[in-house]
Amino acid sequence: MMTNLFSVFDPSTTIFNLSLNWLSTFLGLLLIPSFFWIIPTRFQIIWMNILITLHKEFKTLLGNNGHNGSTLMFISLFSLIMFNNFLGLFPYIFTSTSHLTLTLTLALPMWLSFMIYGWINNTQHMFIHLVPQGTPTILMPFMVCIETISNLIRPGTLAVRLTANMIAGHLLMTLLGNTGPMTTSYFILLIILITQILLLVLESTVAIIQAYVFTILNTLYSSEVN
C-alpha cells in the first residue's frame with residue numbers, strides 16, 4: 001500500500017545505487033535508426049509530414065528575422081518532449097517530464113539564451129517591448145514592472161505547466177488503478193476499466209498538446225527578441 005500518492009513519481013529503480021529511471025529519456029533514440037532505411041516506412045512518412053508541418057508553422061512564427069535552421073532546434077525539442085510524454089504512459093517506465101528537474105532544464109537555458117541574445121543585439125527593441133504601445137505616461141512605470149515580472153517567470157511557468165499536466169493525468173490513472181483490485185462488483189469494475197481507457201486516450205492527446213504548447217511558447221519568446 002502506498003504511503004504517499006506522489007511516490008509513484010519517485011525515482012526508485014536502482015542497480016548498485018545507480019538510478020536507472022532517467023535512462024527512459026533515451027529510449028526514443030531506439031526509433032532513430034529506422035529513419036535511415038532506403039525504403040521509407042509508413043511511420044517515417046507520417047512523422048516526416050508532421051515535421052514538415054511544424055517547420056512551416058515555426059517558420060511563420062519566427063518571421064523573416066529568424067536564423068536559418070532555427071526551426072530544427074524547436075522541432076527537436078518537440079520530439080524530445082513528446083517521446084518522453086508517451087513513454088510515461090507505458091507501465092513501469094519512469095515519466096521524466098513529470099519532474100521539474102527535466103522541464104526546468106529545458107525551459108531555463110533556452111529562455112536565458114533568448115534574453116542574453118536580445119539584450120546584447122537588440123537592446124532598444126527589448127526596452128521598447130517593456131512598454132506596450134498606447135500605454136498612458138502615468139502607467140508606464142507600473143507596466144515596466146509588470147512586463148519585467150511576467151518575463152522573469154516565463155521559464156517557471158513553462159516548466160510547471162508541463163510537469164503539472166503530466167502529474168495530474170498520471171495521478172488519476174493511479175487512483176483508479178488502485179481502486180480496481182478492491183472492487184467486488186463487476187459493474188463498477190467495468191466502469192473503472194472504461195474510464196481508464198478514456199483517460200489513456202486523453203493522456204495521449206495531452207502528451208502531444210503539451211509538447212506542442214511548450215515548443216510554440218519557446219518559439220514565440222524567440223521571435224520577440226528579434
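## A walk through a helical chain

Let us start at Ser96, which sits in the loop between α2 (70–87) and α3 (100–121); helices here are DSSP runs of H or I with at least four residues, strands are runs of E with at least two, and both are numbered from the N terminus. This is a predicted model, in which local features need pLDDT of at least 70, side-chain atom pairs count only at pLDDT 80 or more, and totals for chains, interfaces and linings use all residues. Residues are numbered from 1 along each chain as its sequence is written, and side-chain values use heavy atoms, with hydrogens and water left out.

Ser96 is buried, at a relative accessible area of 1%. Buried stands for under 20% relative accessible area, exposed for over 50%, and partly exposed for what lies in between, with a 1.4 Å probe and protein chains only. Apart from neighbours within four places in sequence, Ser96 is in contact with Trp22, Thr25, Asn84 and Leu102, where contact means heavy atoms within 4.5 Å.

One of those partners, Asn84, is a good next stop. Asn84 belongs to helix α2 and is buried too, with a relative accessible area of 3%. Leaving out neighbours within four places in sequence, Asn84 is in contact with Ser24, Thr25, Ser96 and Thr97. A polar atom of the Asn84 side chain also lies 2.7 Å from the backbone oxygen of Leu80. Asn84 and Thr95 are eleven residues apart along the chain, and their C-alpha atoms are separated by 6.8 Å.

From here we can move on to Thr163, a residue of helix α6. Is Thr163 buried or partly exposed? Its relative accessibility is 7%, so Thr163 counts as buried. Setting aside residues up to four places away in sequence, Thr163 touches Thr97, Ser98, His99, Leu100 and Thr103. With Thr103 there is a polar contact between the two side chains, at 3.0 Å. A polar contact is a pair of N or O atoms within 3.5 Å; within protein, one must be able to donate a hydrogen and the other to accept it, and residues adjacent in sequence count only if both atoms are side-chain atoms.

Next comes a charged pair. Side chains of opposite charge can pair when their charged atoms come close. The count comes to one salt bridge, defined as a side-chain nitrogen of Lys or Arg within 4 Å of a carboxyl oxygen of Asp or Glu. Arg154 forms a salt bridge with Glu224, with 2.9 Å between the closest N and O atoms. Arg154 lies in helix α6 (residues 154–179) and Glu224 in helix α7, so the pair ties together parts that are 70 residues apart in sequence. Arg154 is buried, with a relative accessible area of 14%, whereas Glu224 is partly exposed at 23% relative accessibility.

Two further pairs can be followed in space. Ala168 is in helix α6 and is partly exposed at 41% relative accessible area; its C-alpha atom is separated by 9.6 Å from that of Glu203, 35 residues apart along the chain. Ile209, in helix α7, is partly exposed at 43% and lies 9.9 Å from Leu162, C-alpha to C-alpha, with their positions 47 residues apart in sequence.

Helix α7 spans residues 186–224 and contains Ile194, which is partly exposed at 44% relative accessible area. Ile194 joins Leu190, Leu193, Ile197, Leu198 and Val201 in a nonpolar surface patch, with about 590 Å² of accessible area together. Patches are made of residues with over 30% relative accessible area and no salt bridge; nonpolar side chains (Val, Leu, Ile, Met, Phe, Trp, Tyr) are joined within 5 Å and like charges within 9 Å. Accessible areas come from the Shrake-Rupley method with a 1.4 Å probe, and for residues only the protein chains shown count as cover.

Now for the whole chain. There are seven helices and two strands, in the order β-β-α-α-α-α-α-α-α along the sequence. Of the 226 residues, 35% count as buried. The accessible surface comes to about 14300 Å², and 74% of it belongs to carbon and sulfur atoms. Among contacts with a separation of 6 or more, residues 24 or more positions apart account for 74%.

Finally, the record: in an unreviewed entry, UniProt places the feature "transmembrane region" at residues 20–39, 72–93, 100–120, 158–177 and 183–202. UniProt positions are given in the numbering used here, feature names are shortened, and annotations may be inferred rather than shown by experiment. Residues 158–177 are 100% helix and 0% strand, with end C-alpha atoms 29 Å apart. Residues 72–93 are 73% helix and 0% strand, and their end C-alpha atoms are 28 Å apart.
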